[in-house]
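User: I would like a close look at one part of this model, the enclosed space inside the protein. Please also cover the ligand site.

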Amino acid sequence: MNLKIFDSPEALAEAAADELFSCVKEKPASILCLATGDTPLKTYQILVDRSIANGLDFSSVHFVGLDEWVGVPSHNSGSCAYFLRRNLFDPLNIVEDRIHLFDAVSPDLNSACTKMDNLIAGLGGIDLMIVGIGMNGHVGFNEPGVSLELNCHVIELDEVTKDIGQKYFDERIQLEAGITLGFQNIMKAKKVILMANGLKKADIIKRMLEEPISERCPASILRKHQKSCTFLDSPAASKLSPVIARVSSSN
Ligand code: GLP
């Protein structure tokens, strides 16, 4: 795993947007899987602006969902689907048949998982994933203690996720389960970038990068991915021991 530490959240967002822009420029039929949440918001705004300014063609790109709150419909403004449509798909005019998100209100969630696994395999795998990290170390909804053998699955949410997840919703909501790509899907992606910014992420980033790799901090599993990179701003990197932080300047 590579590590890059940026001076500001803006520089971090620019760098992640660069990765997405280059990926689509080099391979117009890229398969992208993008996290929602506060962390990548600026990245997507930069990507949209730059893509429109440069006429980057997204018409052949496929977008694959990373995760969704079970029971939350896509028209709820707190859903991952709503976030992606508002911040990415609508401004980039992505057509419906290129958008592949989890149906989290399906009466048959297991079929929704199988459908997503088959879709990703049929598309030839994910080219680039941009993921965030939860305050408990989750990636997507791969919660602490998750089995690493899983493909797409439904999982009971950790208490930390249920609590912090409220921030995305206008009104208090019962959050019990998530539907998510599993580590089997994530580890097969050709490239994975994990982004984190702000001092509030410093403790979990230290755990991710310095504790022994374990499903107790699911993001630490990404250290085993051949082409993964952690992009941090300096506050998020501020609790790393100097020897780990130095890795970033050697890359
Ligand atoms: C959310 C999502 C993740 C996201 C993470 C961090 O609950 N399920 O996909 O990456 O938690 O979110 P934020 O960027 O808002 O801190």
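What volume does the largest cavity have, and which residues and elements line the largest cavity?

Analyst: The model is predicted. The largest cavity has a volume of about 60 Å³, and a search of the whole structure finds 1 cavity of 30 Å³ or more. Two elements give two or more residues each to its lining, namely β4 (67-69) and α3 (80-89). The largest share, 3 residues, comes from α3. The lining is made up of Leu34, Thr36, Gly65, Leu66, Asp67, Glu68, Cys80, Ala81, Leu84, Leu101 and Phe102. By class, these lining residues divide into 7 nonpolar, 2 polar and 2 charged.

Asp67 leads on to the ligand site: Asp67 lines the largest cavity and is also among the residues closest to the ligand. The ligand itself sits in the largest pocket. There, 14 residues surround the ligand, the closest being Thr39, Asp67, Lys167, Tyr168 and Lys201. This shell has 4 nonpolar, 6 polar and 4 charged residues.

Three side chains can be described by their distances to the ligand. In Asp67, a side-chain N or O atom is 2.7 Å from a nitrogen atom of the ligand. For Thr39, the partner is an oxygen atom of the ligand, 2.5 Å from an N or O atom in the side chain. Tyr168 likewise has a side-chain N or O atom 2.6 Å from an oxygen atom of the ligand. On its own the ligand has 390 Å² of accessible area, and the protein covers 95% of that.

Key
Residues are numbered from 1 along each chain as its sequence is written. This is a predicted model: local features need pLDDT of at least 70, side-chain atom pairs count only at pLDDT 80 or more; totals for chains, interfaces and linings use all residues. Side-chain values use heavy atoms; hydrogens and water are left out. On a 1 Å grid over the protein atoms alone, a cavity is a set of points where a 1.4 Å probe fits but cannot get out, and a pocket is an open set with protein on both sides within 12 Å along at least five of seven lines; lining residues have an atom within 4 Å of a point. Grid points are joined across faces, edges and corners, and a volume is the space filled by probe spheres set on the points. Helices (H or I, at least four residues) and strands (E, at least two) are DSSP runs, numbered from the N terminus. Ala, Val, Leu, Ile, Met, Phe, Trp, Tyr, Cys and Pro count as nonpolar, Asp, Glu, Lys and Arg as charged, and the others, Gly among them, as polar. A residue is near a molecule or strand if one of its heavy atoms lies within 4 Å of it. A polar contact is a pair of N or O atoms within 3.5 Å; within protein, one must be able to donate a hydrogen and the other to accept it, and residues adjacent in sequence count only if both atoms are side-chain atoms. Accessible areas come from the Shrake-Rupley method with a 1.4 Å probe; for residues, only the protein chains shown count as cover. A molecule sits in a cavity or pocket if more than half of its atoms lie within 2 Å of its grid points.
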